Amino acid sequence: MIAALAAAAVGLGMTAEQDPKPAATSDATPTPAPSAPATTAPPATPTPTLTPTPTATALPALVGSVRVSDPAGDVTDPAGQPPPEPEPAADLLAVGLEGDGQALEVQFELSGPLPPSARTLLWSVELYVGGELAYTVTIQQLDSQLFTGVYDWESGEQTTLGEPVIAEGEISVSVPATLLPRVDGPLTWSALGQQDESYEDFLPDDPTGDRAAFPS
């Protein structure tokens with residue numbers, strides 16, 4: 001009897017392994033994940049318009065003006081002899097310096113207009129700082145061409161300036177203050193008109209005497 005029951009139990013076990021119940025299936029539809037809400041970009045903040053700060057005076061020592069007169073007819077060579085063919089444009093009547101802190105304008109008043117062509121004409125101003133020659137500003141005419149420049153005696157650099165301004169009986173050039181960085185106080189200066197590299201008109205007349213002052 002017991003053996004029969006055990007056999008029956010084994011038989012039932014074999015039947016259960018051969019005919020397993022199918023796995024339960026789910027008819028539920030998966031719920032999709034909720035979408036993130038759309039993000040609206042914040043309005044752009046307008047960029048404020050900046051008002052430019054006025055440019056400060058570059059060199060306060062270059063503020064002021066001076067004008068010194070010179071007699072006519074005093075263009076000579078070192079021996080005191082006038083040129084055989086005098087050129088009135090080499091004869092200085094006055095030289096002026098005018099500065100606003102941003103630039104220094106150098107003005108040469110001449111006895112006559114610039115000629116259409118000349119072998120060599122030169123006008124220059126030497127600027128002294130603390131008694132030492134610091135800069136030389138020049139305008140030169142070679143044939144019919146004009147050249148301008150400022151020479152820095154400390155660095156040995158020559159910088160070309162802009163076109164000179166020509167008016168009736170006068171020629172001038174502007175020097176930016178950035179090219180005169182060592183001007184930190186009162187200047188002294190002298191000027192020169194020159195013809196053919198040999199005949200000169202000095203201002204003041206005595207090149208070994210006192211120089212003019214800027215500002216006056």
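Here is a walk through this structure, from its overall make-up down to a few single residues.

First, some ground rules: this is a predicted model, where local features need pLDDT of at least 70 and side-chain atom pairs count only at pLDDT 80 or more, while totals for chains, interfaces and linings use all residues. Residues are numbered from 1 along each chain as its sequence is written, and side-chain values use heavy atoms, with hydrogens and water left out.

Let's begin with the parts list. The protein has one helix and twelve strands; here helices (H or I, at least four residues) and strands (E, at least two) are DSSP runs, numbered from the N terminus. If you start at the N terminus and read along, the order is α-β-β-β-β-β-β-β-β-β-β-β-β. The protein has 216 residues, and 34% of them count as buried. Buried means under 20% relative accessible area, exposed means over 50%, and partly exposed is in between (1.4 Å probe, protein chains only). Now think about which residues touch, where a contact means heavy atoms within 4.5 Å. Among the contacts with a separation of 6 or more, 61% are between residues 24 or more positions apart.

Next, the strands. Two strands pair if DSSP finds at least two bridges between them. One open sheet has five strands in the order β1-β2-β3-β9-β8, with antiparallel pairing. Its edge strands are β1 (63-69) and β8 (165-167), each of which pairs on one side only. On average, neighbouring strands of this sheet are turned by 15° against each other, direction ignored. That angle uses axes, which are lines fitted to C-alpha atoms (for helices over the stretch in contact), and angles run from 0 to 180 degrees between N-to-C directions. Inside this sheet, look at β2 (residues 92-100) and β3 (residues 103-110): they run antiparallel and are joined by seven bridges. For one matched pair, find Gly96, whose bridge partner in β3 is Gln107. While you are looking at strands, here is a handy rule: in a regular strand the side chains alternate between the two faces of the sheet.

Now move along to β4 and β5. These two pair in the antiparallel sense over ten bridges, and Ala118 stands opposite Asp143 in β5. They form a hairpin with two residues between them, and Gly130 in the turn has a positive phi of about 60°. Is Gly130 buried or exposed? At 73% relative accessibility, Gly130 counts as exposed. Gly130 also lies 8.1 Å from Pro186, C-alpha to C-alpha, although the two are 56 residues apart in sequence.

Strand β5 then carries on into another hairpin, which joins β5 to β6 through one residue. Eight bridges link β5 and β6 (residues 145-152), and these strands run antiparallel. In β6, Leu146 is the bridge partner of Gln141.

Strands β4 and β5 turn up again in the largest pocket, which has a volume of about 360 Å³. On a 1 Å grid over the protein atoms alone, a pocket is an open set of points where a 1.4 Å probe fits, with protein on both sides within 12 Å along at least five of seven lines, and lining residues have an atom within 4 Å of a point. Of the 20 lining residues, the closest to the centre are Ser124, Glu126, Thr136, Ser190 and Leu192. At least two lining residues come from each of β4 (118-129), β5 (132-143), β10 (187-195) and β11 (199-203). Which strand gives the most to the lining? That is β4, with four residues. By class, the lining has ten nonpolar, six polar and four charged residues.

Finally, some backbone oddities. Most residues other than glycine have a negative phi, and most peptide bonds are trans. Asp196 has a positive phi of about 55° although it is not a glycine, and Glu197 has one of about 65°. Asp196 is found in the loop between β10 and β11, and Glu197 lies in that loop too. Asp196 is partly exposed, with a relative accessible area of 22%, whereas Glu197 counts as exposed at 58%. As for cis peptide bonds, one joins Leu203 and Pro204, with omega about -10°; Pro204 is in the loop between β11 and β12 (212-214). Another joins Phe214 and Pro215, with omega about -10°, and Pro215 is in the segment after β12.

How values were computed. Points joined across faces, edges and corners; volume = space filled by probe spheres on them. Nonpolar A, V, L, I, M, F, W, Y, C, P; charged D, E, K, R; others polar.
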